[in-house]
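Visitor: I would like a close look at one part of this protein, with the rest of the chain as background. Please take it slowly and in order.

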Amino acid sequence: MKNLRKLRESKGLSQLQLALKLGLNQNTISRYENGQREADHQTLIMFADFFGVTVDYLIGRTDEN
C-alpha cells in the first residue's frame, strides 16, 4: 500500500492511533506500510473508506484519490 503512510501522516495519526481506530494491530499497520504484508480485499476497502480515497489510489495504481 504505497500511499498508506502518506495518508496516515496527512491526518496526523501515528500507526498506533490508526490501528486503534480501525481495530487492527500497530504491527500490522507497520507491515502494510513497509511492504512486508499485503492487505486483503476487505482491509483495503476499510482503509479507502476511512481516508476517503479509492483503493487504486491507496495501492498506488493512480495518483488521483
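Visitor: With which residue does Arg 8 form a salt bridge, and how far apart are the closest N and O atoms?

Guide: This is a predicted model, and the values below are computed from it. Arg 8 forms a salt bridge with Glu 9, and the closest N and O atoms of the pair are 3.9 Å apart. The cut-off for a salt bridge is 4 Å between a side-chain nitrogen of Lys or Arg and a carboxyl oxygen of Asp or Glu, so a distance of 3.9 Å counts. As to why such pairs occur, side chains of opposite charge can pair when their charged atoms come close.

The two partners differ in their cover. Arg 8 has 7% relative accessibility and counts as buried, because the limit for buried is under 20%. Glu 9, with a relative accessible area of 49%, is partly exposed.

Arg 8 also forms a salt bridge with Glu 33, where the closest N and O atoms are 2.5 Å apart. Arg 8 belongs to helix α1 (residues 4-10) and Glu 33 to helix α3 (residues 26-33), so this pair ties together parts that are 25 residues apart in sequence. Both Arg 8 and Glu 33 are buried. Beyond single pairs, a network of salt bridges links Arg 5, Arg 8, Glu 9 and Glu 33.

Gln 15 belongs in the same picture. This residue lies in helix α2 (residues 15-22), and with a relative accessible area of 15% Gln 15 is buried. Leaving aside neighbours within four places in sequence, Gln 15 is in contact with Arg 5, Arg 8 and Glu 33, which also take part in the network, and with Gln 26, Ile 29 and Ser 30.

A search of the whole structure finds four salt bridges. One of them lies elsewhere in the sequence: the side chains of Asp 56 and Arg 61 meet at 3.9 Å, N to O. Here Asp 56 is partly exposed at 35% relative accessibility. Its partner Arg 61 counts as exposed, because 65% is over the limit of 50%. For the charges of the chain as a whole, 9 are positive and 8 negative, and the mean positions of the two sets are 6 Å apart.

The surroundings of Asp 56 and Arg 61 can be followed through other residues. Helix α5 covers residues 55-58, and Ile 59 lies in the segment after it. Ile 59 is partly exposed, with a relative accessible area of 32%. Apart from neighbours within four places in sequence, the contacts of Ile 59 are Met 1, Lys 2 and Leu 44. Ile 59 and Leu 44 are 15 residues apart in sequence, and their C-alpha atoms are 8.5 Å apart.

Asn 3 has its place in the segment before α1. Asn 3 counts as buried at 11% relative accessibility. Its contacts, again leaving aside neighbours within four places in sequence, are Tyr 57, Leu 58 and Gly 60.

After helix α3, Asn 34 lies in the loop between α3 and α4 (41-51). Asn 34 is partly exposed, with a relative accessible area of 43%. The C-alpha atoms of Asn 34 and Leu 22, which are twelve residues apart along the chain, are separated by 18 Å.

Now for the background. The protein chain has five helices and zero strands, and from the N terminus the elements run α-α-α-α-α. A compact globule of 65 residues would have a radius of gyration near 11 Å, and the protein chain agrees with its 11 Å. Along the principal axes, the C-alpha atoms fill a box of roughly 25 × 25 × 20 Å. Of the 65 residues, 37% are buried. Carbon and sulfur atoms account for 41% of an accessible surface of about 4200 Å². Among contacts between residues at least 6 apart in sequence, 47% join residues at least 24 apart.

To return to the request, Arg 8 is buried and forms salt bridges with Glu 9 and with Glu 33.

Key
Residues numbered from 1 in each chain as written. Predicted model: local features only at pLDDT ≥ 70, side-chain atom pairs only at ≥ 80, totals over all residues. Heavy atoms only, no water. Helix = DSSP H or I, 4+ residues; strand = E, 2+ residues; numbered from the N terminus. Rg over C-alpha atoms; globule rule 2.2 N^0.38 Å. Buried < 20%, exposed > 50% of the residue type's maximum accessible area, 1.4 Å probe, protein only. Contact = heavy atoms within 4.5 Å. Areas by Shrake-Rupley, 256 points an atom, 1.4 Å probe, with all protein chains shown as cover. Lys, Arg positive; Asp, Glu negative; His and termini not counted. Charge placed at Lys NZ, Arg CZ, Asp CG, Glu CD.
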